[in-house]
Amino acid sequence: MIVMGKIVAVHSYKGGTGKTLLSVNLAATLAEHGRKVCLFDLDFRAPSLSTLLKIEKTECWLNDYLNGTCEIDKALLDLSDKVRDSGKLIVGLANPATEAIRDMSAKDRKWEMRALGRLLALRTSLLNDKGFDYLILDTSPGLQYSSINAIVSADLVLVATTFDRSDVDGTRRMLRELYDLFEKKTEVVINKVLDVSSKAGKEEIQSKVNDVYEVPLLGIVPCFCDILKARGGIIFAQEKPEHPFTRILEEMATKIDKMG
Amino acid sequence: MANQEVAGRKPLQVLEKIRENLERLNDKMEVMIELQKHGRKDLQQPLPDAPLDVMTLLSMPDHLRKTAMTLCRMGRATADEISGQTKRARAVESAYLNQLVIMGHLKKERNGRKAYFFVDRENQR
């Protein structure tokens, strides 16, 4: 049972681990479960949600909200018509224009501090006042200001990772040297796994995650050719409800829902 | 008549002033106690307005980070309210909060008997 809304940051050490795929489909799945969900693209250096959702214009971008030039209401787009059942799905987008990306890359510490304040204020404006059950933050990879701001603001951090060696090493360091310092509840999602067909294979992955990362494993996502073929063009949770990937997302969403 | 009023009010004002001064003295003593406990390394470079950004939070000693993070979440709070979240003693939180004020990361203002701490994000330019 949900007592109050939760902020979930989806982060990774390296790019290309499936953060956006996970964020979008998790948001859609939670909305399909009847939750009121808000999904924010906080990857200001490589915005992708606007392309994935085929939205070219909006009254305000999240860049404007963090710059303090618009209220959060004006940066919200209602996509609830794409969700079955009674769920609600709202998105906030990062501006994909080159000039906007350049502008966000040149922000100083004081701007980042004010941006943190505005992200923290979302708990009141979205979760408390508007009654959202979830605010999902799709972040930039690695240790960048915008992603660390999102982690500090979050109640739960989902780390998308693969078995790529440099990703494993970097993720392990990040868990110990960043998340531990902020005392964040963290769960790992292993993506693009080649062999999870057998029970023994799953147990081996579970054991590896326990040994290497020492944090709970939320889910294992096999490497699906269908996902690669879709090239980021579809939201599986909406368009392919019977797909194994959607089923895995449903299990993850149920686990998150049950977390206190 | 006027003399009686002055005579009746003055001791109260004096006592109130003494109480305020004692509270300020207490705050300073708590900071000194904490400084002795952790050494002076926390205050090596006190800045008048040091932004409390995430990198600053990361570089803080653990005991101060916990207090700063809690205040970031709460926005504005007393030492007692912070203590309720961190489960550490009020006097300890008061000392850490005052340390963070001295370091330039937080602001402090009094409202009657209560001292409120907050991050002044908007006024830092």
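Helices, written α, and strands, written β, are DSSP runs of at least four and at least two residues respectively, numbered from the N terminus. With that in mind, and remembering that this is a predicted model, begin by selecting chain B and following the chain from its N terminus, where the elements come in the order α-α-α-β-α-α-β-β. That makes 5 helices and 3 strands in chain B.

While chain B is still selected, consider how its 125 residues are packed: 25% of them are buried. Among the contacts in chain B that link residues at least 6 apart in sequence, 55% are between residues at least 24 apart.

Next, narrow the selection to residues 62-74 of chain B, which form helix α3. Its 13 residues, at 1.5 Å a residue, should span 18 Å, and because the C-alpha atoms at its ends are 18 Å apart, the model agrees with that expectation. Colour the buried residues of α3(B), which are B:K66, B:T67, B:A68, B:M69, B:T70, B:L71 and B:C72. Then step past the end of the helix to B:G75, which follows α3(B) and has a positive phi, near 90°.

Now move to chain A and select residues 19-32, which are helix α1. Here 14 residues at 1.5 Å a residue should span 20 Å, and the end C-alpha atoms are indeed 20 Å apart, so the expected and modelled spans agree. How many residues of α1(A) are buried? The helix is mostly covered, with 14 of its 14 residues buried. To finish, select A:G34, just after α1(A), where phi is positive at about 90°.

Notes: Residues numbered from 1 in each chain as written. Chains lettered and ligands numbered in written order. Predicted model: local features only at pLDDT ≥ 70, side-chain atom pairs only at ≥ 80, totals over all residues. Buried ≥ 20, exposed ≤ 12 C-beta atoms within 10 Å, placed from the backbone. Contact = placed C-beta atoms within 7 Å. Expected span 1.5 Å × (residues − 1).
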